[in-house]
Amino acid sequence: MRGKTINKKILLGVCGGIAAYKAAELVRLLRKHGAEVRVVMTESAQHFVTPLTFQALSGQQVYTTLIENDQEQSMSHIHLARWADQLIIAPATANMIAKMAQGLADDLLSTLYLVAECPTFIAPAMNQAMWRKPVVQENIARLKLHGVEIIGPEAGQQACGEVGLGRLSEPDQICRRLLGNDAPKKLQNVQLLITAGPTREPIDPVRFITNRSSGKMGYALASAAAKAGAHVTLVSGPVNLTAPVGVSLVSVETAQQMYEAVMTYVDKADIYIGAAAVADYRPVTVNTHKLKKNDDNLTIPLQKNIDIITEISIRPDKPFVVGFAAETDNLESYARQKLIQKNLDMIAANWVGKPEGGFDCEKNALQVYWLEGQQHFKMTDKSELAEQFLDLIALRFRAER
Ligand code: C5P
């Protein structure tokens, strides 16, 4: 990056870690490139670097507490959050990451995160064992799902003498990510329609048929697509997840409702991803009264649901169609059969019913097939996997158009 390019307002949160001194260099670089920077420090950050350092470098008052003594002089936390075009927390400690993942607001910086509506980035820095701890990784995965962009950390020698992943990314790299964000993205202005989660097929007012899908993979893909610049419509069955930032959510319950919602939006879709585990059958009749427990055996007649993805892929003006295949055996042959039978452009197959991966868990692995090729994505958390898979979707989509 050369010269003054940007006129962005950047709110920098500094947490208490040995890498806090690198945040000073980040302020200098951001200002050099024409950004306006305001700094918020946690209490422990002030043990590593003084507010005076950041005040001198940013040319602005440094914010340290939720309730400032001098109300006249200070911006309220709401104004500060609204002022910012971007929020970056560097270094982000495991403690701050946990607070953000849980929605805690017990100091100025964590409160600002909750108030902020602008793109948010974190650059974690911590001991390598701390970074690898499953709870830290779960919190990171959760923040990614909420639309937070993670920068680093990098591998190498740590301040504590250990070697591994956990070093704060270099200020220059963080600066590039923040200011380079205006570059055209992989799916800039692409219309992407995606289904996720299970469907519920009612038997009577209190009972239904469903499956183990949690919706995590579909939501992670929707989030990755929005970050890649796509306009995302997410048609979701009942799940326990919040819609990713920047995604339009359409909530449905049954396969029939999912079909109708998809048909409403498919006309303008460039890419369709069928990540939902749509129930294949529904009860022929939905009883208006709760079924009574009379006989030892109960038979519920079922009828086939419409195959949504096939309805889309037979359209003459069909979008680029990506399907999923969850299989308990013969993964490749079943997936390739589905690719052909359903006239898909790509299919992502994964094992279900195994101890790791598949439905209702944090991690997954995918075997992706298209007519002339395949690619394997190894077991990793679903938000990471979604980003890797989305890169491939963008690549194949561009190749076919
Ligand atoms: O045939 P099977 O259900 O295994 O195919 C899975 C793929 O088909 C997934 O992409 C799923 O979203 C889609 N599907 C659908 N409508 C159905 C059943 C499956 O769109 N009724």
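Which strands does helix α12 (residues 331-341) lie across, and at about what angle does it run to β17? Helix α12 lies across β16 (320-327), β17, β18 and β19, and its direction makes an angle of about 150° with that of β17. Axes here are lines fitted to C-alpha atoms, for helices over the stretch in contact, with angles from 0 to 180 degrees between N-to-C directions, and contact means heavy atoms within 4.5 Å.

The model is predicted, and local features need pLDDT of at least 70, side-chain atom pairs count only at pLDDT 80 or more, while totals for chains, interfaces and linings use all residues. Residues are numbered from 1 along each chain as its sequence is written, and side-chain values use heavy atoms, with hydrogens and water left out.

**Chain and sheet**

The chain contains 13 helices and 19 strands, where helices (H or I, at least four residues) and strands (E, at least two) are DSSP runs numbered from the N terminus. Of its 401 residues, 50% count as buried, that is, under 20% relative accessible area with a 1.4 Å probe and protein chains only.

An open sheet of 8 strands follows the order β12-β11-β8-β13-β16-β17-β18-β19 with mixed pairing, two strands being paired if DSSP finds at least two bridges between them. Because β12 (247-251) and β19 (373-381) stand at the edges, each with a single partner strand, one side of each is left without a neighbour in the sheet. From one strand to the next the twist averages 15°. Strands β17 (residues 346-351) and β18 (residues 363-370) run antiparallel and are joined by 3 bridges, and I347 stands opposite Y369 in β18.

**Ligand surroundings**

Residues with a heavy atom within 4 Å of the ligand include D280, D307, F324, K338 and K342. The table gives polar contacts, meaning pairs of N or O atoms within 3.5 Å, between backbone atoms and the ligand.

| Residue | Ligand atom | Distance |
|---|---|---|
| G274 | oxygen | 2.6 Å |
| A276 | oxygen | 2.7 Å |
| I306 | nitrogen | 2.8 Å |

Taken alone, the ligand exposes 450 Å², of which the protein buries 86%; such accessible areas come from the Shrake-Rupley method with a 1.4 Å probe.

**A buried serine**

S110 is found in helix α5 (residues 108-115) and is buried, with a relative accessible area of 1%. A polar atom of its side chain lies 3.3 Å from the backbone nitrogen of D106. Not counting residues up to four places away in sequence, S110 touches M96, K99, L104 and A105.

Conventions
Polar contact = N/O pair within 3.5 Å; in protein donor to acceptor, adjacent residues only side chain to side chain.
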